[in-house]
Amino acid sequence: MEEVKRALEPWISYSRDVMIKNMEFLLKSYRDVINSCYDLLNDVINIESWIMPSKNKSEGERMNMFTKYLMYPMLVHVVYPNLNFLYIAILLGAIPQAFYTLRTALEALVVALYADSKDELKGLEWFEKIEHKSVRNATVSGIKDHLLKILTRVFGDKEGEEWLNYILDLYQAISAWVHPVARIRFDKKEEIVAGILRAIMITTAERGIPPVYGIVIPMEYNSEDLDDLKHLNEIIKHTRLALTSIAYVWSIDKDITDKEALKKHLEELSKAVPSS
């Protein structure tokens, strides 16, 4: 045990030093991405409070909602912990891992919305839903037809389809930073070759050095990494809108604590980050 501890101590010390230096760099050169992380995590905290079962319900009815709906454990045990790691990933210079946390959060809410609205699963408790074949095999793109039905029921045909495309395009854009090689179409105009290796190749060709995440992680940022950090910041903003829209759609037919606050927040984000 002592040998392992001694072997890890230099790496732990190095990681701590990198995080401190990266924090100083971001506070000086690009504080926006840190602020966006805070805003996103605060959104999740607020959403958790807004979608709690209405206080008008009896204790038994409230407990029934907690055991029935997958959205609750997804928010508390998947989305919130992963988005807490978003800060850490950014401070370590681990930009692909930061995108991975966003992807996990988005996928978690999409699957929860799917499971909690699927007719054949409505009689099941959440821990039974996650064992159901349709949920175990669910992918964001694979359940798009079902999502479209839910979204159009809430927003209407045209706007519902726009929201679906927005969520799917965002998921693809985030996934491009998770896979070594990928293709994305987030701008809705042309397909773009992407993936971690592709990003490293392009950055190296343009700037003469690889991005920090293409050398070693953890690694200190420099000015050459600002474009990637700005892109990450934009994706975080889009993720805020997507998560809020999914939570709102989920809440439509449920007696929750503050549906109006959730709706108002969605409207505010929609103005700040247009969905199309």
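The following legends describe close-up views of a predicted model.

**Figure 1. Salt bridge between Asp-116 and Lys-129**. The side chains of these two residues, Asp-116 and Lys-129, form a salt bridge with an N to O distance of 2.7 Å. Asp-116 belongs to helix H5 (residues 95-117) and Lys-129 to helix H6 (residues 126-129), so the pair ties together parts that are 13 residues apart in sequence. Asp-116 and Lys-129 are both buried. In total, the structure holds nine salt bridges. Side chains of opposite charge can pair when their charged atoms come close.

**Figure 2. Salt bridge between Lys-122 and Asp-119**. In this view the side chains of Lys-122 and Asp-119 meet, N to O, at 3.4 Å. Lys-122 has a relative accessible area of 40% and is partly exposed. Asp-119, with a relative accessible area of 63%, is exposed.

**Figure 3. Salt bridge between Glu-162 and Lys-158, and a network elsewhere**. The side chains of Glu-162 and Lys-158 form a salt bridge of 2.7 Å, N to O. Both residues lie in helix H9 (residues 157-175), where Glu-162 and Lys-158 are four residues apart and therefore separated by about one helical turn. Glu-162 is partly exposed, at 26% relative accessibility, whereas Lys-158 is exposed, with a relative accessible area of 63%. A further set of residues, Asp-39, Asp-43 and Arg-240, is joined into one network by salt bridges that share partners.

**Figure 4. Aromatic pair of Trp-163 and Tyr-166**. The structure holds 10 aromatic pairs. In the pair of Trp-163 and Tyr-166, the ring centres are 5.9 Å apart and the planes stand at 90 degrees, so the pair is edge-to-face. Helix H9 contains both Trp-163 and Tyr-166, which are three residues apart, about one turn of the helix. Trp-163 and Tyr-166 are both buried.

**Figure 5. Aromatic cluster, with the surroundings of Glu-48**. Phe-66, Tyr-69, Tyr-72 and Trp-250 are linked into a cluster by ring pairs. One member of this cluster, Tyr-72, has its C-alpha atom 7.7 Å from that of Glu-48, although Glu-48 and Tyr-72 are 24 residues apart along the chain. Glu-48 lies in helix H2 (residues 32-50). With a relative accessible area of 18%, Glu-48 is buried.

**Figure 6. Ser-49 and Pro-73**. Ser-49 is also found in helix H2. At 37% relative accessibility, Ser-49 is partly exposed. The C-alpha atoms of Ser-49 and Pro-73 are separated by 13 Å, and the two residues are 24 residues apart along the chain.

**Figure 7. Leu-86 and Val-79 in helix H4**. Helix H4 (residues 71-91) contains Leu-86, and Val-79 lies in helix H4 as well. Leu-86 is buried, at 1% relative accessibility. Between Leu-86 and Tyr-38 the C-alpha separation is 9.6 Å, and these residues are 48 residues apart along the chain. Val-79 is likewise buried, at 0% relative accessibility. The partner shown for Val-79 is Thr-104, which is 25 residues away in sequence and 7.2 Å away in space, C-alpha to C-alpha.

**Figure 8. Patch of negative charge on the surface**. Asp-258, Glu-260, Glu-267 and Glu-268 gather in this patch. Glu-260 is placed in helix H12 (residues 259-272). Glu-260 counts as exposed, with 57% relative accessibility, because exposed means over 50% relative accessible area.

**Figure 9. Nonpolar surface patch**. Val-4, Leu-8 and Ile-12 make up a nonpolar patch of about 270 Å² on the surface. Ile-12 is located in helix H1 (residues 2-29).

Key
Residues are numbered from 1 along each chain as its sequence is written. This is a predicted model: local features need pLDDT of at least 70, side-chain atom pairs count only at pLDDT 80 or more; totals for chains, interfaces and linings use all residues. Side-chain values use heavy atoms; hydrogens and water are left out. Patches are made of residues with over 30% relative accessible area and no salt bridge: like charges are joined within 9 Å, nonpolar side chains (Val, Leu, Ile, Met, Phe, Trp, Tyr) within 5 Å. Accessible areas come from the Shrake-Rupley method with a 1.4 Å probe; for residues, only the protein chains shown count as cover. A salt bridge is a side-chain nitrogen of Lys or Arg within 4 Å of a carboxyl oxygen of Asp or Glu. Lys and Arg count as positive and Asp and Glu as negative; His and the chain ends are not counted. The place of a charge is taken as NZ of Lys, CZ of Arg, CG of Asp or CD of Glu. Helices (H or I, at least four residues) and strands (E, at least two) are DSSP runs, numbered from the N terminus. Buried means under 20% relative accessible area, exposed over 50%, partly exposed in between (1.4 Å probe, protein chains only). Rings of Phe, Tyr and Trp (its six-membered ring) pair if their centres lie within 6.5 Å; planes under 30 degrees apart count as stacked, over 60 as edge-to-face and the rest as tilted.
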